[in-house]
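I opened a new page for this one. My plan is to go through the interface, then the sheets, then the odd spots in the backbone.

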Amino acid sequence: MLESIKTFASHFFVTGDPMIYGADASIVLVTVAILFVLTYFKKWRWLWDEWLTTVDHKKIGIMYALAAILMLFRGGVDALLMRTQLAFPNMHFLQAEHYNQIFTTHGTIMILFMAMPLMFAFFNIVVPLQIGARDVAYPYLNAVSFWLFFFGAMLLNLSFVIGGSPDAGWVSYPPLSELAFDKGPGENFYLLSISISGIGSLATGINFMVTILKMRAPGMKLMDMPLFTWSILATCIIIIFAFPVLTIALALLFIDRLAGAHFFTMLHGGNPMMFINLFWMWGHPEVYIVVLPAFGIYSEVVSTFAKKRIFGYKSMVASMMLISIISYFTWTHHFFTMGSGADVNTFFAISTMAIGVPTGVKVFNWLFTMYRGRIRLTLPMLWTIAFVPCFAIGGATGVMLAVAPADYQYHNSYFLIAHFHQVLIGGVVFGYFAGLYYWWPKMFGHVLNEKLGRWSFWFWNIGFYVCFMPQYALGFMGMTRRLYTYPHGLGWSSLNLVSTIGAFMMGIGFLFQGAQILHGIKFGKRDTTGDPWDGRTLEWSLPSPAPHYNFATIPQIKGRDAWWTMKEEMKQPGYKKEPVHIEPIHMPKSSGRPFIMSVFFFIAGFGLTFDWIWMGVIGAIGVGITLLARSFEYDTDYYVPVDEIERTEAALGRL
Amino acid sequence: MKLRTLLSRMKWFFTVALATVMLTGCNGQFVVLDPKGPVGKQELDLIILSTVLTLIVIIPVLIMLWIFVAKYRDKPGNKAPYKPEWEDNKTLEIIWWGIPIVIIGILGVYTAKTTFALTKPPVQNVAPITIQVTSLDWKWLFQYPGQKIATVNYVEIPAGVPVNFVLTSDAPVNSFWVPQLGGQEYTMPGMALTLWLQADKPGSYLGMGANFTGEGFAHMRFHVIAKPQSDFNAWVNHVKQTAPALTKAGYQNLTQPSVTDQMSFSSYPDGLFEATVNKNGGIYMPMQQGNMKKEDTPADNNAMKNMKMGQ
């Protein structure tokens, strides 16, 4: 009996590494600390009412952002561990197994649990406000999306201390990820956590597409929408087509592992290449899913801080729509060297290069928005300016990678690693930082400290080039990705050391941002105007943070840059403020069910990870019951009474 | 922060970054940029062409960014024109939609040409040699159907002769990469893909597995040793006379996960490569993909001509 418990425990808990024990201890300590603080300050009720059950898009957005920043920390620590291991040849800091787990979770977390939720944070915080809506089209579904993402992310993070992390790479190619080569529960954690959060992502895509198409304020034509909202629409189109592909691919692989099917095995007619096709049919459009919203952010930031209308609006819209289509003709470039044949390779080489055209057009349009403007170098603008050279170089190396025969040399090398980090950090992360600084006052009602932000900016930027420029060179030296160690004498040592130094500089940059957030909570300058940047779009017409119903009266839109035009009107001599006529506002009710349902998803996922079918069944029954309960609920909305709105608006100085 | 400090900081950082990369790069070997065979040379030509063509876009972008940010700063007394409503210019837009399209057109043409060219032997007047490559956990097995010998973790080839590498895997998907000779190709279980390479001069060239295959992946390096034809023949004879035979049991041993040193074998079981492809799924593939029979890969060097495998 005792023996079997011991065997189980050694299989269940990850052991044998001081770092793991450290993580165990810190997880327990942090959990105890959180429980203590919540109990001591009697915040349980508050947590449940205000956050866990909320369907308010702004609060959901904030939760997405906080979770994403935490995941950025986790993924960043992974990166630093890897770079430490690679700093010198023949290092013995990490074992192969541990290293493999770390690069797998680094990739998975950064793409799916950092970039995606941070993007959804912007969807939630900005889109309804920009289009003059009071909430998203399906607020309840929105909460479901968030909690599915959250518990999916938790499931993957749990694998670090329980069961073992996935170690087949974030692309998880079979047959390496099949049972024959990967017994452990780690791969199951990967498949189930992404599947669970993927349901949420798909729902968000549908939700925001409907929101943008159906809930714009009266008068706002499609071609009047702010470019950020346009970028979200383009993103949603890609999400809706791409995410089902990922879900199916992962489900088939999971059926292989759980039920012994042979979709992607090497036996009985299975074909691993089919998985690789499906994965990248989602995976490459995914790159545009995360970068398009960043493009939207740059458009807003450039136009606000150059104090000028965006240059070439129609071109910008057209290029985003083109990207959303061409992104589906790029997946094969991930395996030019998998024997597709010269004809197929040529087609996908040219279609991949072609996506550089609309992307390049956007860069020129941003530049010419600055031309003859008045540029204020605030933090969001600094990040946008830093983005341009970084992304231009990243885009150029992207075109170089698309040249199929040359790709025979770059593929799977550090050249590739440098390229995609350059577009993902230079394009996506810089953009999301710009967006966070830009909309932070709208989210929290205060402006972040500029000085700390600049320290962070320089550490991030210099660190970036120090980290990734050597990696291009390493690629030319024949260094391949995912090596946990390398010998002396290949000439790789000093460049790797430089690269590691750069990575730590970016880490310091992140610490400054952490300090900036803490500083902001305590000392941040309050934004009383609601419009700290002299903005152009509707969200700046609201107080910071906006009341839960957003707009006391829905504005009438007369063209692009709606808030800017209104401000111009107000400046006209003889402008008379129209009397505010307030009516009761129809709002959705909070619900605990999205949270509870996601807990059941988590239980089912955890059970299936360990092949405990009974636990999977319990979770599935829970999910079924919560779904059923919702369908019998009729009391889902209410009206905010006029006097409450008047009180709120008066307190905000809006009446 | 003043613009001047900003600029000087950026200058400082670019100089330092560039200098670091350059200095540290000196002791390294940029194998991709130093090809030793016609395939690698063609790929390098494309690398250079694509770099030059993309610079046509990048350089103006960097210059414009620099000038615009410096000139249109929002500071008191800035006399530069300010046109907040200016938002459209057809000529400009046509220029920056047009130029990238032209660039990609040019690059596309050369890409297509080279892509098709590389599916054929790099030189036509020399009879090629075939080498069958199997990636295993975590080692490389090379079989010479013409010479009937086999090696592990090193491969010798005659210099100046096109080599038709036929690739498969009896383990997870890997990728066979010899940067100085030119490019890589995946090794896929159940498939046999081809990669033409050629070394112009004798020498030893580093090769490696480029696609992650688990714990021992980092140790999957091998050397390609190019020799004059006569030395190559002598080496084959030497292996035939001195090395042990690779038996079926011996092959089974090799497929077990482990990291090994170099090995040589004077012979190998008949049809081993074809059996490996077939058992891993080749039997389910239509004729042109796999389903290999022994007679499909005869010892003669035109082996793959009729098969159109992969490429």
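Below are my entries, in the order I looked things up.

**Entry 1: what I am looking at.** I note up front that this is a predicted model. I start with the contact between chain B and chain A.

**Entry 2: the interface by area.** I wanted to know how many residues each chain puts into the contact. I get 100 residues from chain B and 105 residues from chain A. The two chains bury about 8900 Å² between them, and carbon and sulfur atoms account for 72% of that. Next I asked which residues of chain B lose the most area to chain A. They are B:Trp96, B:Trp97 and B:Phe212, and together they make up 8% of what the chain B side buries.

**Entry 3: charges and polar pairs across the interface.** I looked for salt bridges between chain B and chain A, and the count is three. I wrote down one pair, B:Glu87 with A:Arg560, whose side chains meet at 3.6 Å, N to O. For polar contacts across the interface, I find 28 residue pairs, both residues being at pLDDT 80 or more.

Which elements of chain B supply at least two residues each to the side that touches chain A? My list has the helices H1 (3-25), H2 (38-71) and H3 (90-117) of chain B, along with the strands S6 (174-177), S7 (184-187), S8 (193-197) and S9 (203-209) of chain B. H2(B) gives the largest share of that side, with 15 residues. I also sorted the chain B side by class and got 55 nonpolar, 30 polar and 15 charged residues.

**Entry 4: the six-stranded sheet in chain B.** I traced the strand order as S8-S5-S1-S2-S3-S11 in chain B. This sheet is open, and its pairing is mixed. Why do S8 and S11 (263-265) of chain B each have a side without a neighbour in the sheet? They stand at the edges and each has a single partner strand, so one side of each is left free of a sheet neighbour. Between neighbouring strands I get an average turn of 20°, ignoring direction.

I then picked one pair to follow. S1 (residues 129-136) and S5 (residues 163-169) of chain B run parallel, with seven bridges between them. Within S5(B), B:Leu167 is the residue opposite B:Val133. I also checked what packs on this sheet: helix H5 (residues 248-255) of chain B does, touching S1, S2 (139-144), S3 (149-152) and S11 of chain B. The direction of H5(B) makes about 55° with that of S1(B).

**Entry 5: the five-stranded sheet in chain B.** This one is open as well, with the order S4-S10-S9-S6-S7 in chain B and mixed pairing. The edge strands are S4 (154-158) and S7 of chain B; each has a single partner strand, so one side of each lacks a neighbour in the sheet. I get an average twist of 25° from one strand to the next.

How do S9(B) and S10 (residues 221-227) of chain B pair, parallel or antiparallel? I read them as antiparallel, over six bridges. One bridge I jotted down has B:Gly207 partnered with B:Phe222 in S10(B). Helix H4 (residues 229-242) of chain B lies across S4 and S10 of chain B, and H4(B) runs at about 135° to S4(B).

**Entry 6: salt bridges overall.** Over all chains, I count 23 salt bridges in the structure. One of them joins A:Arg454 and A:Glu450, with the closest N and O atoms 3.0 Å apart. These two residues are four apart in helix H16 (residues 450-476) of chain A, so about one helical turn separates them.

**Entry 7: backbone oddities in chain A.** I flagged a cis peptide bond from A:Pro174 to A:Pro175, with omega near 0°. A:Pro175 is in the loop between H6 (139-158) and H7 (186-214) of chain A. Another cis bond joins A:Ser544 and A:Pro545, where omega is about -15°. For A:Pro545, the place is the loop between strand S2 (525-526) and helix H18 (562-571) of chain A.

I noted A:Asp534 too: this residue is not a glycine, yet its phi is positive, about 60°. A:Asp534 is in the loop between S2 and H18 of chain A.

Note on methods:
Residues numbered from 1 in each chain as written. Chains lettered and ligands numbered in written order. Predicted model: local features only at pLDDT ≥ 70, side-chain atom pairs only at ≥ 80, totals over all residues. Heavy atoms only, no water. Contact = heavy atoms within 4.5 Å. Buried area = accessible area lost by both parts, 1.4 Å probe. Salt bridge = Lys/Arg side-chain N within 4 Å of Asp/Glu carboxyl O. Polar contact = N/O pair within 3.5 Å; in protein donor to acceptor, adjacent residues only side chain to side chain. Nonpolar A, V, L, I, M, F, W, Y, C, P; charged D, E, K, R; others polar. Pairing = 2+ DSSP bridges. Axes fitted to C-alpha atoms, helices over the stretch in contact; angles between N-to-C directions.
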